[in-house]
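Colleague: Before we go through the model, could you take me from the ligand outwards to the rest of the chain, giving each cut-off as it comes up?

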Amino acid sequence: MSNFIERFKTSERVLHWVVTCSFFTLLLSGLGLFSRLFNGYFNLFGGGSSAILVHKIAGVVFFASSVYMFLNHKKDVTTFDEDDKAWIDARGGYLSREERHFNIGKYNPGQKLFAIFIYAATITLGVTGIMIWMPLTFPRWLVQISLMLHGLMFVGSIMFVIVHVYLATIGNPGTIEAMLYGDVRRIWARKHHPKWYKEVGEDNP
Ligand code: HEM
């Protein structure tokens, strides 16, 4: 029996990395637009107008890929059961000094809430982005509200993504292998996602 089991298909991993690359391209090309303090970041793209063009293209790629990724695993991330409730009540055990174990399926509730937040942020950033893109088509007040929401959602997304990257790498060793190779160690699956492992991994050689 192999020590590894499949967690993500190649197509799922490619999609995740398209979302990630477009997200960080948006971050770098958008920083100079967010505040004058970050105007220096325009140089990465050869000037302000090229940065705006890159931002628009990356925005379309991010919107399409992020919505598709959410729809792909909508069922897994939008259903919460009793075991998830126990995880939420204990805050995932992150604030406890003792090691806690939960009967978690493919994703834990923290991951589910993150996926739902990213979807909501994608829709908000996309809709407000269109209004900022074509300011003369929409009423002035709507464009102003859009500018505010776009900035707020940008800051919120960065904060959640920093936590996501930490938990997927240093915080939970072995997790990154799922997105790099598609396979995870059985011992990792039994520890972090025992219910999912029972469903897909136990009899799978
Ligand atoms: C260098 C940056 C990133 C790394 C290292 C990373 C890593 C990972 C890993 C390892 C997983 C699988 C977790 C598991 O199997 O349990 C995952 C899932 C996921 N990632 Fe990322 N990711 C990154 C950036 C992003 C970005 C920028 C977004 C969205 C804006 C994102 C959205 C998601 C979502 C929605 C999932 C599925 C739900 C979840 O596990 O939270 N990731 N990521």
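Colleague: How far is a nitrogen atom of the ligand from an N or O atom in the side chain of His 164?
Modeller: This is a predicted model, in which local features need pLDDT of at least 70, side-chain atom pairs count only at pLDDT 80 or more, and totals for chains, interfaces and linings use all residues. Residues are numbered from 1 along each chain as its sequence is written, and side-chain values use heavy atoms, with hydrogens and water left out. A polar contact is a pair of N or O atoms within 3.5 Å; within protein, one must be able to donate a hydrogen and the other to accept it, and residues adjacent in sequence count only if both atoms are side-chain atoms. For His 164 and the nitrogen atom of the ligand, the distance is 2.8 Å.

Colleague: Which side chains have a polar atom close to an oxygen atom of the ligand, at 2.6 Å and at 2.8 Å?
Modeller: At 2.8 Å from an oxygen atom of the ligand lies a polar side-chain atom of Gln 111. The distance of 2.6 Å, again to an oxygen atom of the ligand, belongs to an N or O atom in the side chain of Arg 7.

Colleague: Which residues coordinate the iron atom of the ligand?
Modeller: Donors are N, O and S atoms within 2.8 Å of the metal (3.2 Å for Na, K and Ca), and water is not among the atoms, so sites may look incomplete. Two NE2 atoms coordinate the iron at 2.0 to 2.1 Å, and they belong to His 16 and His 164.

Colleague: Which arrangement do the six donor atoms around the iron atom make?
Modeller: Four donors count as tetrahedral if all angles lie between 85 and 135 degrees; four count as square planar and six as octahedral if opposite donors are over 155 degrees apart and all others between 65 and 115, and anything else is irregular. Because the six donor atoms subtend angles of 87 to 179° at the iron, the arrangement is octahedral.

Colleague: How many residues apart are His 16 and His 164?
Modeller: Helices (H or I, at least four residues) and strands (E, at least two) are DSSP runs, numbered from the N terminus. His 16 sits in helix α1 (residues 10-34) and His 164 in helix α6 (residues 140-171), so that the pair links distant parts of the chain, 148 residues apart.

Colleague: Is His 16 buried or exposed?
Modeller: Buried means under 20% relative accessible area, exposed over 50%, and partly exposed in between (1.4 Å probe, protein chains only). His 164, at 30%, is therefore partly exposed. His 16 has a relative accessibility of 13% and so counts as buried.

Colleague: Which helix supplies the largest share of the shell around the ligand?
Modeller: A residue is near a molecule or strand if one of its heavy atoms lies within 4 Å of it. There are 25 residues around the ligand, and among those that come nearest are Phe 8 and Gln 111. The largest share, five residues, comes from α1.

Colleague: Which helix gives the most to the largest nonpolar core?
Modeller: A nonpolar core is a set of buried Ala, Val, Leu, Ile, Met, Phe, Trp, Tyr and Cys residues joined through side-chain atoms within 4.5 Å. The largest has 14 residues, and those with the most contacts inside it include Phe 23, Phe 62 and Ile 158. Two or more residues come from each of α1, α2, α5 and α6. The helix that gives the most, with six residues, is α1.
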